[in-house]
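Here are some notes to read alongside the structure, set out as numbered points. Please keep the view open and turn to each part as it comes up.

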Amino acid sequence: MKEIIRIEGGHNLTGHVKISGSKNATVALIPAAILADEPVTIVGVPNISDVKSLKILLEELGVNVLIKGENGNHLIIDPSNMENKPMNSDTVTKLRASYYFMGVLLAKYKRVEIKMPGGCYLGPRPIDLHLKGFETLGAKVNYEGGSYIIEADELVGDKIFLDVSSVGATINIMCAAVFAKGKTTIENAAKEPEIIDIATLLNKMGAQIRGMGTNVITITGVDTLHGCFHEIIPDRIEAATYLTLAATAGNDITIENVIPQHLEGLISKLDDIGVNMEVNVDSILVKGRNEVLKPVDIKTAPYPGFATDMQQPLTTLLTQCDGQSVVTETIYTERFKHCHELNKMGADIDVRTPSSFINGPTKLSGTSVTATDLRCGASLIIAGLIASGTTEIDEIYHIERGYENIVGKLKSLGAKIEKVTIDSDN
Ligand SMILES: CC(=O)N[C@H]1[C@@H](OP(=O)(O)OP(=O)(O)OC[C@H]2O[C@@H](n3ccc(=O)[nH]c3=O)[C@H](O)[C@@H]2O)O[C@H](CO)[C@@H](O)[C@@H]1O
Ligand SMILES: C=C(OP(=O)(O)O)C(=O)O
């Protein structure tokens, strides 16, 4: 037996949709919380499978995790009885963000033993910059029997230049350095909004981090961290997905709980395409679609550039534009599996790495497709909503890693979409 998402395309979508807390912030905030000696309360936690995996990992370390709130969106993380154990369970490989336990456990216990993290396969995803950062702080890194062993006698602040402004390395080094002696400086740090959110939580816990949101972050080591309360920022990638979905398949959809400033790269492209929007303080109304949508060229880049995570859902909209659009991927040059799936539905996309050439407009028809990764899944859902007939999407566990209640949210807009269990031989 397996679960799939089945969509009957062509229905009118209208109404309101509320964006959940940011996945990429949450998956770092949860490990960061165990740096405290006391309970940390985090609200706005999305109910997604990455969070379920993190809860299992915390419990394996003896951390008490209490889930509260109507949709389980409040977490109280109590690390008072935690122990540093090897993190060798298969759960580690179910998500990317398990790598944050490297920085956190190294900071707290000066030793960590952990398997290689998982996450979406988007081409090679090395973690050399994380490890180089730990080494600069005084740690030794070994890879033995499928696990990293990272240990230090003491951690001492230093200057770390990141060759590539990596989100994961910036956050991991920030966590590793919170108790290090003296001052750590991260140069060419990533500037994504999620990094500001993690630094804000750590500062509420008593850390001394400055410069987050710029490309130079300094961390002055402190002795202990205490409990606090933190509300997560809205998910800009989920917001981007619903904005694109509304522009492709909707008719007056308001996307609520957004920070429009985090979405500027996308909003400017939607403007160029000819999507009618009303951008408010914390919501965006996407009005009915223009008759003719203009093609655009997109190049992904670190924040505040056009986010790589947004290019896959946007590609579905580009299949409806009148002419050729080009998406050039500079972060993960192999992130184009969704194009092959969209072509099965009738799209005309030519992938020549590191770009995809999307010729539109094309009529899409429902068929069986595979969510090869999280945002591929999002692009296929948008396609299914405008396709003629029925679309069946397989391997939906990728989608469930990052979208809270996507089926329920789309149903409330009028979509004919359901999650069904079928015989796996089908
Ligand atoms: C859990 C999480 O937050 N995931 C996000 C995070 O992934 P993640 O943190 O893994 O991505 P990075 O920002 O680290 O990757 C950016 C680029 O740096 C390269 N690199 C990274 C680390 C390293 O040690 N060496 C190296 O060469 C990567 O191959 C990639 O080309 O940022 C990506 C880029 O915005 C997003 O697509 C992911 O959704
Ligand atoms: C690539 C993504 O996630 P992860 O880094 O968790 O695999 C994503 O959110 O699009």
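1. The model is predicted, and a good place to begin is the shell around ligand 2, to which domain 1 (2–19 + 234–422) and domain 2 (23–231) each contribute at least three residues. The residues around this ligand are Leu95, Arg96, Ala97, Gly119, Cys120, Leu122, Ile237, Asp309, Leu374, Arg375 and Gly402. Sorted by class, the shell around ligand 2 holds 6 nonpolar, 2 polar and 3 charged residues.

2. These two domains are the ones into which the protein chain is divided, and domain 1 is written as two segments, 2–19 and 234–422, whereas domain 2 is given as 23–231. Their C-alpha centres lie 30 Å apart, and the contact between them takes 19 residues from domain 1 and 16 residues from domain 2. On the side of domain 1 that touches domain 2, the largest share comes from helix H12 (residues 397–400), which supplies 3 residues. By class, that side of domain 1 has 6 nonpolar, 5 polar and 8 charged residues.

3. Helix H2 deserves a separate look, and its length can be checked by simple reasoning: at 1.5 Å a residue, its 12 residues (49–60) should span 16 Å, and the end C-alpha atoms are 17 Å apart, which agrees. Which residues of H2 are buried? They are Asp50, Val51, Ser53, Leu54, Leu57 and Leu58. Because these residues cover an arc of only 155° around the axis, they are on the same side of H2.

4. The buried residues of H2 pack against three elements, namely helix H1 (23–33), strand S4 (64–68) and strand S5 (74–78). Just after H2, the backbone at Gly62 takes a positive phi of about 85°.

5. Finally, consider Lys416, which is found in strand S23 (residues 416–422). Is Lys416 buried, exposed or partly exposed? Lys416 has 15 other C-beta atoms within 10 Å, and because a residue needs 20 or more to count as buried and 12 or fewer to count as exposed, Lys416 is partly exposed. If its neighbours within four places in sequence are left aside, Lys416 is in contact with Ile7, Glu8 and His11. Ile127, by comparison, is 289 residues from Lys416 in sequence and 41 Å from it in space, C-alpha to C-alpha.

Methods: Residues numbered from 1 in each chain as written. Chains lettered and ligands numbered in written order. Predicted model: local features only at pLDDT ≥ 70, side-chain atom pairs only at ≥ 80, totals over all residues. Helix = DSSP H or I, 4+ residues; strand = E, 2+ residues; numbered from the N terminus. Expected span 1.5 Å × (residues − 1). Arc of directions from axis to C-beta. Contact = placed C-beta atoms within 7 Å. Near = placed C-beta within 6 Å. Nonpolar A, V, L, I, M, F, W, Y, C, P; charged D, E, K, R; others polar. Domains from an automatic or database assignment.
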